[in-house]
Amino acid sequence: MTILSQISDPDVLSFLTHIIQTTNSEALFVSALEAISYFGSPGISLFVNTLITHPTSSLFDKFSNTLLKHKKEISHVILETLQQTDEARVLLPLFQLIKSLQLKEAEPFIIQKGLSSHDSSLKQLAILILGQLKAKKAIPALLQELVKADLNSLPVLLQTLGEIADPQILPALDPFKNHENENIRCLVIWALSQTAHVDVFPYLLECLQDPSLAVQQAGIKGMGCIESPEVIPLLLELI
């Protein structure tokens with residue numbers, strides 16, 4: 001397939017497309033898909049559309065280098081497709097591609113179409129991507145999700161808010177500081193400490209009195225994130 005991919009001929013592209021659509025051989029399918037990515041705009045469009053219709057993690061892994069090699073062209077196709085669809089079955093593999101490429105330009109679409117989706121898998125992936133992109137513009141929408149979060153969605157929201165690490169999240173996490181689930185309390189500590197804001201430090205001290213050893217350890221670890229001279233008097237009080 002390497003030689004074919006170097007021939008800019010529509011007939012060859014049609015031949016490769018036929019292989020992708022009809023072959024039962026995974027090796028032949030992967031080789032043909034790799035080859036079409038070298039055929040400029042038509043090839044890249046077909047490459048992305050094929051990944052969308054065959055959204056398996058193994059396929060994404062196999063083409064990780066190809067995605068990076070043609071990131072600019074692939075990103076253009078992704079952004080165009082995002083504008084044209086609201087279907088979860090299409091958006092889910094598109095979001096997976098965005099996650100692989102860390103495509104910052106897609107952030108508005110992730111907020112608009114991902115967080116508003118009724119598809120729980122799509123919404124969870126959107127939340128993860130916004131953390132990966134450190135999307136500060138998404139904080140208001142994420143905080144709205146936080147208010148109605150359950151035990152399944154809360155961990156990923158806390159993870160994402162911690163990755164964004166903006167002090168504006170501090171008051172919104174107050175209701176979760178005494179959550180009955182110790183794993184949630186540990187995540188709250190982590191998310192707050194990632195902001196490195198000095199106002200978090202008194203709470204971290206309180207965590208040392210938590211009945212859970214895991215929470216106590218999370219509090220101690222979180223203290224290492226607060227690099228401010230203002231915490232020195234608080235530390236001296238412990239001596």
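## Helix H12 and other local features

The buried residues of helix H12 are Leu154, Val156, Leu157, Leu158, Thr160, Leu161, Gly162 and Ile164. The model described here is a predicted one. Helix H12 spans residues 154-164, and eight of its eleven residues are buried, so the helix is largely enclosed by the rest of the structure. The cover over these buried residues includes helix H10 (120-132), helix H11 (139-147) and H13. After H12 comes alanine 165, which has a positive phi near 55°.

### Positive phi in loops

Two loop residues other than glycine also have a positive phi. For glutamine 102 the value is near 50°, and for alanine 196 it is near 55°. Glutamine 102 belongs to the loop that joins helix H8 (88-101) to helix H9 (107-114). Alanine 196 belongs to the loop that joins helix H13 (182-194) to helix H14 (201-207). Are these residues buried, exposed or partly exposed? Glutamine 102 has a relative accessible area of 49%, and because exposed means over 50% and buried means under 20%, it counts as partly exposed. Alanine 196, with a relative accessible area of 39%, is partly exposed as well.

### A buried loop residue

Alanine 106 is also in the loop between H8 and H9. Its relative accessibility is 0%, so alanine 106 counts as buried. Which residues is alanine 106 in contact with, leaving aside its neighbours within four places in sequence? They are Leu79, Leu82 and Ile98. Leucine 79 is 27 residues from alanine 106 in sequence, yet the C-alpha atoms of the two are 6.6 Å apart in space.

### Aromatic rings

The structure holds one aromatic pair. It is formed by phenylalanine 47 and phenylalanine 63, with 5.4 Å from centre to centre and 85° between the planes, which makes it edge-to-face. Where do the two residues lie? Phenylalanine 47 is in helix H4 (residues 40-53), while phenylalanine 63 is in the loop between helix H5 (57-62) and helix H6 (64-69). The pair therefore ties together parts that are 16 residues apart in sequence. Both phenylalanines, 47 and 63, are buried.

Another ring has a charge over it. The charged end of lysine 177 sits over the ring of tyrosine 203, at 4.6 Å from the ring centre.

### Cysteines without a disulfide

A disulfide is a covalent bond between the sulfur atoms of two cysteines. How many disulfides does a search of the whole structure find? The search finds zero. Cysteine 186 is in no disulfide, and the nearest cysteine sulfur, that of cysteine 207, is 8.5 Å away. For cysteine 225 the closest cysteine sulfur is also in cysteine 207, and at 13 Å it is too far for a bond, because a disulfide needs sulfur atoms within 2.5 Å. Cysteine 186 counts as buried at 18% relative accessibility, whereas cysteine 225 counts as partly exposed at 28%.

### Relative accessibility by residue

The table lists the values for single residues discussed above.

| Residue | Relative accessibility | Class |
|---|---|---|
| Glutamine 102 | 49% | partly exposed |
| Alanine 106 | 0% | buried |
| Cysteine 186 | 18% | buried |
| Alanine 196 | 39% | partly exposed |
| Cysteine 225 | 28% | partly exposed |

Technical notes: Residues are numbered from 1 along each chain as its sequence is written. This is a predicted model: local features need pLDDT of at least 70, side-chain atom pairs count only at pLDDT 80 or more; totals for chains, interfaces and linings use all residues. Side-chain values use heavy atoms; hydrogens and water are left out. Helices (H or I, at least four residues) and strands (E, at least two) are DSSP runs, numbered from the N terminus. Buried means under 20% relative accessible area, exposed over 50%, partly exposed in between (1.4 Å probe, protein chains only). Rings of Phe, Tyr and Trp (its six-membered ring) pair if their centres lie within 6.5 Å; planes under 30 degrees apart count as stacked, over 60 as edge-to-face and the rest as tilted. A charge sits over a ring if NZ of Lys or CZ of Arg is within 6 Å of the ring centre and within 35 degrees of the ring normal. Contact means heavy atoms within 4.5 Å.
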